[in-house]
Amino acid sequence: MQTSSTAAGDLFGAHHPLAGAVTRLGEQAVVLRGFALAHVDALWPALRAVLAQAPFRHMATPGGQRMSVPLTNCGRLGWTSGPGGYRYTARDPDSGQPWPALPEPFLHLAGSAAAAAGFAGFAPDACLVNRYRPGTRLALHQDRNERDFGQPIVSVSLGVPAVFLWGGPRRADRALRVPLWHGDVAVWGGVDRLRFHGVAPIPAATHPLTGAERINLTLRRAG
Ligand code: MD3
Ligand code: FE
C-alpha cells in the first residue's frame with residue numbers, strides 16, 4: 001500500500017487525516033482520501049430519502065444464515081440475497097416496488113471519483129447501501145454477480161471508520177488491513193476487480209453525522 005499526499009486544500013474540508021491523498025492498493029485499485037467530503041451535504045439528504053422508501057433490512061445468505069449487516073439499494077437494479085442465491089433484482093422484495101431511483105448526487109460522485117481513478121464514463125445503475133453497527137463485520141468474499149467485470153466499482157465510506165481487508169485473487173491470500181475514514185472513496189476495477197475483500201469488526205465509536213454507524217455505498221454497473 002502506498003499513500004501519496006497532494007495539497008488537500010479547503011475543498012476537502014478539515015478533519016480527515018489524509019484528505020486529498022491517494023492510497024494505491026493495486027494496479028487498478030485506489031482509495032481517494034476524503035473525496036466524498038465535498039459531496040456529503042448533497043449525499044446525506046438523498047440517502048435519507050432512499051431509506052424512507054426502502055429501509056435497511058437483514059437478508060439471509062443462500063445457506064439460510066442471517067447476514068449481520070443490513071442493507072438496502074437504490075438504482076435500476078438492487079443486490080439481494082436469499083434461498084435463491086445472490087442476484088440483482090429490479091424490485092424491492094419487501095415492498096414489491098421498484099428500488100428508489102439513484103439520486104443525482106450519487107451519480108455525480110460516482111462518475112467523478114471513477115474518472116479521477118482512470119475510469120472515464122462510469123454510469124452506475126445500482127447502489128448497494130450497507131449499514132455497520134459496532135461489532136459487525138463482512139467476511140472475505142468476491143463480488144461476482146455483475147455482468148461485466150470490466151466495469152469499476154465505486155465505494156463510499158460514511159461515518160465511523162473501519163478497517164477494510166484487501167486480499168488477493170485467492171481466499172487464502174493474506175489480506176492487507178486498510179483504514180477507511182468518513183469521506184473516503186475507493187475505486188476498484190480491471191485486474192483488481194475479483195480480489196477477495198471484507199470489513200473487520202467495526203469499533204464502538206461515534207461520528208457526528210451517523211452516530212455509532214458506518215454506512216457504505218457501493219455503486220456498480222450491474223446490468
Ligand atoms: C474490492 N462492501 O457489499 S465496499 C460488498 O464496506 C462489500 O460495505 C464493503 O464488499 C463495505 O460487497 C466494501 C468495497 C468493495 C466492493 C467491491 C469490490 C471492494 C471491492 C470488488 C473488488 C475488489
Ligand atoms: Fe464486496
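Where along the chain is Asp-92 found? Asp-92 sits in the loop between strand 6 and helix 2 (104–116), and we'll come back to its surroundings below. Keep in mind that this is a predicted model. The quick tour: two helices and 14 strands, an iron ion (ligand 2) held by His-141, Asp-143 and His-197, and a largest pocket of about 800 Å³.

**Overall build**

- The protein has two helices to go with its 14 strands. Its radius of gyration is 16 Å, close to the 17 Å that the globule rule gives for 223 residues, so the protein is as compact as a globular protein of that length.
- Measured out along its principal axes, the C-alpha trace spans about 45 × 40 × 40 Å.
- Of the 223 residues, 52% are buried.
- If you take the contacts with a separation of 6 or more, 70% of them come from residues 24 or more positions apart.

**The iron site**

- Three protein atoms serve as donors to the iron ion (ligand 2): NE2 of His-141, OD of Asp-143 and NE2 of His-197, at 2.1 to 2.2 Å from the ion.
- Read along the chain, these donors follow the spacing H-x1-D-x53-H. Asp-143 lies in the loop between strand 8 (138–141) and strand 9 (153–159), while His-197 belongs to strand 13 (residues 197–199), so this pair ties together parts that are 54 residues apart in sequence.
- Is Asp-143 buried or exposed? Asp-143 is buried, because its relative accessible area is 9% and the cut-off for buried is under 20%.
- His-197 also counts as buried, with 13% relative accessibility.
- Beyond residues up to four places away in sequence, Asp-143 touches Phe-149, Ile-153, Arg-193, Leu-194, His-197 and Arg-220. That list includes a fellow iron donor, His-197.
- For a sense of scale, the C-alpha atoms of Asp-143 and Gly-20 are 27 Å apart, with their positions 123 residues apart along the chain.

**The largest pocket**

- Which residues lie nearest the centre of the largest pocket? They are Leu-138, Ala-139, His-141, Asp-143 and His-197, out of 39 lining residues. The iron donors His-141, Asp-143 and His-197 are thus among the residues nearest the pocket centre.
- Several strands each give at least two residues to the lining: strand 6 (85–89), strand 7 (126–132), strand 8, strand 9, strand 10 (162–166), strand 13 and strand 14 (214–220).
- By character, the lining divides into 17 nonpolar, eleven polar and eleven charged residues.

**Asp-92 and Asn-73**

- Back to Asp-92: this loop residue is buried, at a relative accessible area of 3%.
- Leaving out neighbours within four places in sequence, Asp-92 is in contact with Ala-54, Arg-57, Gln-97, Pro-98 and Trp-99.
- Arg-177, 85 residues from Asp-92 along the chain, is well removed in space too, with 33 Å between the two C-alpha atoms.
- Asn-73 has its place in strand 4 (residues 71–75) and is buried, with a relative accessible area of 1%.
- Setting aside neighbours within four places in sequence, Asn-73 is in contact with Val-50, Ala-54, Gly-78, Trp-79, Trp-99, Pro-100, Cys-127 and Leu-128. Ala-54 and Trp-99 turn up in the contacts of both Asp-92 and Asn-73.
- Asn-73 and Ala-126 are 53 residues apart in sequence, yet their C-alpha atoms are 7.2 Å apart in space.

**Leu-107 on helix 2**

- Leu-107 lies in helix 2. Leu-107 counts as partly exposed, given its 33% relative accessibility.
- Not counting residues up to four places away in sequence, Leu-107 touches Leu-102 and Pro-124.
- The C-alpha atoms of Leu-107 and Gly-75 are separated by 9.9 Å, and the two residues are 32 apart along the chain.

Methods: Residues are numbered from 1 along each chain as its sequence is written. Chains are lettered from A and ligands numbered from 1 in the order in which they are written. This is a predicted model: local features need pLDDT of at least 70, side-chain atom pairs count only at pLDDT 80 or more; totals for chains, interfaces and linings use all residues. Side-chain values use heavy atoms; hydrogens and water are left out. Donors are N, O and S atoms within 2.8 Å of the metal (3.2 Å for Na, K and Ca); water is not among the atoms, so sites may look incomplete. Helices (H or I, at least four residues) and strands (E, at least two) are DSSP runs, numbered from the N terminus. Buried means under 20% relative accessible area, exposed over 50%, partly exposed in between (1.4 Å probe, protein chains only). On a 1 Å grid over the protein atoms alone, a cavity is a set of points where a 1.4 Å probe fits but cannot get out, and a pocket is an open set with protein on both sides within 12 Å along at least five of seven lines; lining residues have an atom within 4 Å of a point. Grid points are joined across faces, edges and corners, and a volume is the space filled by probe spheres set on the points. Ala, Val, Leu, Ile, Met, Phe, Trp, Tyr, Cys and Pro count as nonpolar, Asp, Glu, Lys and Arg as charged, and the others, Gly among them, as polar. The radius of gyration is taken over C-alpha atoms; the globule rule is 2.2 Å times the number of residues to the power 0.38. Contact means heavy atoms within 4.5 Å.
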